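Trainee: I'm new to this one and would like a close look at a single part. Could you take me through the metal site and then show me what surrounds it in the rest of the chain?

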Amino acid sequence: MESTTAPPRRPRASDTVSGAFWMVATLLLGFAVGLVGLLALLMWSDARDARDAAAGPSAAVSEAGSSTAGHALADHNVALPIESFAGVVPDNAAELAEAHAAYDAALPPAPAGDVVEVNMVLKDMTVEIAPGVEYNTWAFDGHGAPGPIVHVREGQTVEMTLTNGGAIPHSIDFHAARIAPNVAFKDVAPGKSISFRFTASDPGVYMYHCGTKPVLAHIANGMYGAIVVRPKAGLPVVDNEYVLVGSEWYLNGDGIEQPASLDMAKARARTADWVTFNGYANQYVTHPLTAKPGDTTRFWVVAAGPTNNVNFHVVGAMLDRAWVNGDMTQYQRNVQTVVVPAGGGAVFDVKVDKEGLYPFVSHAFADVDLGQVGLLKVGNPKGASTH
Ligand SMILES: [Cu+2]
């Protein structure tokens, strides 16, 4: 019986040619598909840039009429390399840091009464954000950044009036408010005011900020602050209370010879030049917050961003009580580091018994390198800080 199985055929030269042909054809097809994909991506990116330039952030930022005006063009070139001005300070930086008056981090008392009036005038102003480094901010109430600390009690009514003394429209958005944002947080034209009321019904520590588009630019230009809503039920008694607002700065120049303005491409690429607590790099290293041995110190922390979290940590201590995410109904005990998300807040009690210098940081250490570190000076210690 003959086998039905054909004998193995030897490959012929024509097979090899045909195999090579198909291999090349497949490769070419592969390239063609890749090329079409790349072209589509480029067209999409172009279209997006065109849309942004027409109606988006660049156009709005250019309205400021400041040195950011050139960015409508520059934004088309968002490709790296981005020039960093991280750590660039004049030679007399140490002297300037000493001379700088640190932002007062002490929590002010909450006013009495049912209604708390809060008035802020928005001003365009130049502030120092690191020793000898100046920046053109849009500042709530002439404070530079952050704006003033607002402290109220749970249940009080906040009557907010914002007057726009700047050159372009601005607004104010309180995370502590349950309110229709299209009514309360709407844009205010230059020279005009807006008033609205809300009940501070939710205790905690909250961000407030300008919500005018592009929000990235308005927050990056310093339009943020903290509001503390003290719980009606009370909190454990502590010895010191400080408010820290984390934020980062994106500079279009070193800010030494002339003030820097916002570099929107850097803000989008998340490559900050300086990262700060209360708006000025390392200010509480030079001018430490203070406590006595045995004190419990409360930190009300907000991460204003615009983009960075604060990974809050106190070197050499524990966060004895941590009201994570500002949920004042419960706290965690004895934790090392808590993330405060951009746009969020948290409250920490830290008891320190021994005299010393205790650095508080965002434990994302790139941010420490860029200035987000301070010292809690307990007692009158000798020696220098470790961080
Ligand atoms: Cu604004």
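Mentor: Let's start at the metal site and then walk outwards through the chain.

Keep in mind that what you're looking at is a predicted model. The site holds a copper ion, and four residues coordinate it: H170 through ND1, C210 through SG, H218 through ND1 and M223 through SD. Those atoms sit at 2.0 to 2.4 Å from the copper ion. If you want to spot the donor residues in the sequence, look for the spacing H-x39-C-x7-H-x4-M. Two of them, H170 and M223, link distant parts of the chain, being 53 residues apart. H170 is in the loop between β4 (157-164) and β5 (173-174), while M223 is in the loop between α6 (215-220) and β8 (224-230). Both H170 and M223 are buried.

What about the geometry? The angles subtended by the 4 donor atoms around the copper ion run from 88 to 136°, so the arrangement counts as irregular. A tetrahedral label would need all angles to lie between 85 and 135 degrees. For reference, the ideal angle for four tetrahedral donors is 109.5 degrees.

Now step back to see what the site belongs to. The chain has 9 helices and 19 strands. Of its 387 residues, 48% are buried. Take the contacts with a separation of 6 or more: 74% of them come from residues 24 or more positions apart. The accessible surface of the chain is about 18,800 Å², and carbon and sulfur atoms own 56% of that.

You've already met β4, the strand before the H170 loop. β4 is part of an open sheet of 4 strands, in the order β2-β1-β4-β6, with mixed pairing. At the edges are β2 (133-140) and β6 (193-199), each of which pairs on one side only. Ignoring direction, neighbouring strands here are turned by 25° against each other on average. Within this sheet, β1 (residues 115-130) and β2 run antiparallel and are joined by 8 bridges. If you'd like one pair to find on screen, L122 has F140 in β2 as its bridge partner.

Following the chain on from β2, you come to a loop between β2 and β3 (150-153), and that is where P146 is found. The peptide bond between A145 and P146 is cis, with omega about -5°. There's another cis bond to look at, joining G305 and P306, where omega is about 20°. P306 lies in the loop between β12 and β13. Most peptide bonds are trans, which is the reason to pause at such spots.

That second loop brings us to β13 (residues 310-314), a mostly covered strand with 5 of its 5 residues buried. V310, F312 and V314 point one way, N311 and H313 point the other way, and all are buried. That fits the general pattern, in which side chains of a regular strand alternate between the two faces of the sheet. β13 pairs with β16 (residues 337-340) in the antiparallel sense over 4 bridges. β13 is also joined by 3 bridges to β18 (residues 356-362), and again the two run antiparallel. H313 is a handy landmark here: its bridge partner in β16 is T337, and in β18 it stands opposite V361.

The residue that β18 starts with, G356, is 8.6 Å from P293, C-alpha to C-alpha, although the two are 63 residues apart in sequence. P293 lies in the loop between β11 (289-291) and β12 (296-305). Leaving out residues up to four places away in sequence, P293 touches V352, D353, E355, V378 and G379. Even with those contacts, P293 counts as partly exposed, at 43% relative accessibility.

Finally, have a look at two loop asparagines. N278 has a positive phi of about 55°, and N325 has one of about 60°. Most residues other than glycine have a negative phi. N278 is in the loop between β10 (274-277) and α8 (283-286), and N325 is in the loop between β14 (319-323) and β15 (332-335). Their surroundings contrast: N278 is buried, because its relative accessible area is 2%, whereas N325 counts as exposed at 55% relative accessibility.

Definitions and conventions:
Residues are numbered from 1 along each chain as its sequence is written. This is a predicted model: local features need pLDDT of at least 70, side-chain atom pairs count only at pLDDT 80 or more; totals for chains, interfaces and linings use all residues. Side-chain values use heavy atoms; hydrogens and water are left out. Buried means under 20% relative accessible area, exposed over 50%, partly exposed in between (1.4 Å probe, protein chains only). Contact means heavy atoms within 4.5 Å. Donors are N, O and S atoms within 2.8 Å of the metal (3.2 Å for Na, K and Ca); water is not among the atoms, so sites may look incomplete. Four donors count as tetrahedral if all angles lie between 85 and 135 degrees; four count as square planar and six as octahedral if opposite donors are over 155 degrees apart and all others between 65 and 115; anything else is irregular. Accessible areas come from the Shrake-Rupley method with a 1.4 Å probe; for residues, only the protein chains shown count as cover. Two strands pair if DSSP finds at least two bridges between them. Axes are lines fitted to C-alpha atoms, for helices over the stretch in contact, and angles run from 0 to 180 degrees between N-to-C directions.
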